Amino acid sequence: MCGIIGYIGKNVESVILDGLERLEYRGYDSAGLAVCRQGNIQSFKAVGEVSKLKRTVKFCDDFGIGIGHTRWATHGAISLENCHPHFSQSGDTALVHNGIIENFEDIKAQLSGMQYYGQTDSEVAAKLIGDKLSISSLRKMIKKIAGSFAFAAISKGGDSIYFAKQKSPLYIAKKDDGVMLASDPSCFAGFSNEYISLDDGEYGRVSISNLTIYDSNDKILQKQPQKLDFKFVDEEKKGYAHFMLKEIYQSRLTLENIIEKYSGSQMQEVLSQIKSLNFDRIFLIGCGTAYHAALIGQYYLRQAFCIDIYAAVASELQNECLPIDESSLCIFISQSGETADTLAALEYCREKGGKIVSITNTIYSTMAQKSDFCLPLCAGQEKAVASTKAYFAQCLILYIFTLFLQRKDYITSLKTFKNQIDYGDDFALGEIADFISKYQKVFFIGRGVDLITAKEASLKLKEITYIFSSAESSGELKHGVIALVDENLPVIVIATDEHLFKKTLNNAHEIKSRGGKLILFTTLNIDDDTAACFDKVIKANSAQKPLLPLQIIIQLQKLAYFTAVKLGNNPDKPRNLAKSVTVE
Ligand code: F6R
């Protein structure tokens, strides 16, 4: 994974650091930059966040040529040696890389006489490109590499940035007095309102006066810039201790944005066009939290239609022998629109002839560009790694989509829900967070749609608290999992469906008889005797049935948040994770 940036112009260090901050969602294990001025290259590196790099950099406002990188480690430990930029043998060429070089060990074995200071695949690329950077050395390098890459390289005394793209995103913006390359066009906001999007196999060089792009057959290409209709808003915490908490509290705002956008004629037209496509089965595809939204979408659509509807994990889609063809509607769900597994699944569905719809928060993303239709999430920038308001929005868009296909009014229902959203009682949630923070493992159980919420709540808890957690189907407990229940296991029971509650309650009793601690999250009105079965109860406001999973997840997101804070973790930047997962 990782984010890369290149810049030619004045104030190189500060422009690159600003860009790296925008790209930090792609990884924050280490960050580095290299700048060439008056024939010399100077580099700065730091383990950890871009803010740490900032403290080591010597700023200069003179004209220069620079590259920068923010890392999510794939090969090699999180260390200064493995931090980008990487250097050729003599140090005359500096290179940053986003992607994975699958054959780096073979290349290393073939390259004789090189001294390696680290363990990354990217350093091998720097050694391979060599000390004399040119189009020819770049071309030779990329033809030898198997895997994914976006490269930017500079050399001592050079006037250009050399670049190449294969399966990792790379964009260029060029003005008379500056050039910028980046993994994400959001870096261009404030610099240029036009950019060029590179396609796989393309490579070239850019200087202040010249841009040359070659295609994969080594022919020079003329590419037209596209408009960047985007303002970068550097979100602030605005009084919240963390972005995650702020974003949970932005659920209502997100809903308001969705109501506004999806009551307008533009989205009605997009939805009508999707509806008129000739499809007889629907696939809903995503990763992690977005996959859980796909499961919610599957629940909505299966309640409404008798056609095949199937939610799939993007990374497994190609292994599942699914009947994807010209009559399939393939809906891809992704906050970032850049998740490599989801993009690979999209390509696969496209090859099979499927019609492609994306539901994404990032309308200029690779996913949005590669789709026939895009349904925006309207959630605004999500900075915290753990997805909260975007999940809320993904489920809402799938709800809208289902009702639109049914020719039903969704706006009235969403407006009603807006006034019902329940952020819960912080004191009560804080007490439960205190309680579960003392345990090493937690289970979430539920039936029907509550099992999906259990999966999402469990993912949220584990990713930011590092407590082992698992979501189990209430009915399946007795078929094996109950063997793990004892007095050291808190079990969070999720119950929003009154028709399933009796059975779930029986399962809760089975846990209690074996010493397990029980916490109930419900939207149902329960009597005192029932409440007495549980060690703790959280009761959220009721809402229309299809929206209950959204009502209850908000409080479970907050539970994960409070537990992480209690344990002293930074919920915004959990260990080992990145906001956008751009490797398969
Ligand atoms: C969990 C989380 C991840 C993402 C997943 C997909 O809180 O954020 O599980 O949902 O990596 O990311 P997107 O939605 O960007 O495709």
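Here are a few notes on the ligand site and the domain layout of this predicted model.

1. Start with the overall layout. The protein chain splits into three parts: domain 1 (3-227), domain 2 (253-418) and domain 3 (426-566).

2. Now for the ligand, which has 15 residues around it. If you want to find the spot quickly, look for Ser-334, Gln-335, Ser-336, Thr-339 and Glu-463, which are the closest.

3. Which domains does the shell draw on? Domain 2 (253-418) and domain 3 (426-566) each give at least three residues to the shell around the ligand. As for helices, α9 (288-304) and α15 (449-465) each put in at least two.

4. The make-up of that shell is mixed: 7 polar residues, 6 nonpolar and 2 charged.

5. Some polar pairs to check on screen. Glu-463 has a polar side-chain atom 2.3 Å from a ligand oxygen. With Thr-339, an N or O atom of the side chain sits 2.4 Å from an oxygen atom of the ligand. Ser-387 uses its backbone instead: a polar atom there is 2.9 Å from a ligand oxygen. On its own the ligand would expose 410 Å², and the protein buries 90% of that.

6. Last, have a look at how domain 1 meets domain 2. Their C-alpha centres are 33 Å apart. At the contact, 10 residues of domain 1 touch 5 residues of domain 2. About 540 Å² is buried between these two domains, with carbon and sulfur atoms giving 44% of that area.

Note on methods
Residues numbered from 1 in each chain as written. Predicted model: local features only at pLDDT ≥ 70, side-chain atom pairs only at ≥ 80, totals over all residues. Heavy atoms only, no water. Near = heavy atom within 4 Å. Polar contact = N/O pair within 3.5 Å; in protein donor to acceptor, adjacent residues only side chain to side chain. Areas by Shrake-Rupley, 256 points an atom, 1.4 Å probe, with all protein chains shown as cover. Helix = DSSP H or I, 4+ residues; strand = E, 2+ residues; numbered from the N terminus. Nonpolar A, V, L, I, M, F, W, Y, C, P; charged D, E, K, R; others polar. Domains from an automatic or database assignment. Contact = heavy atoms within 4.5 Å. Buried area = accessible area lost by both parts, 1.4 Å probe.
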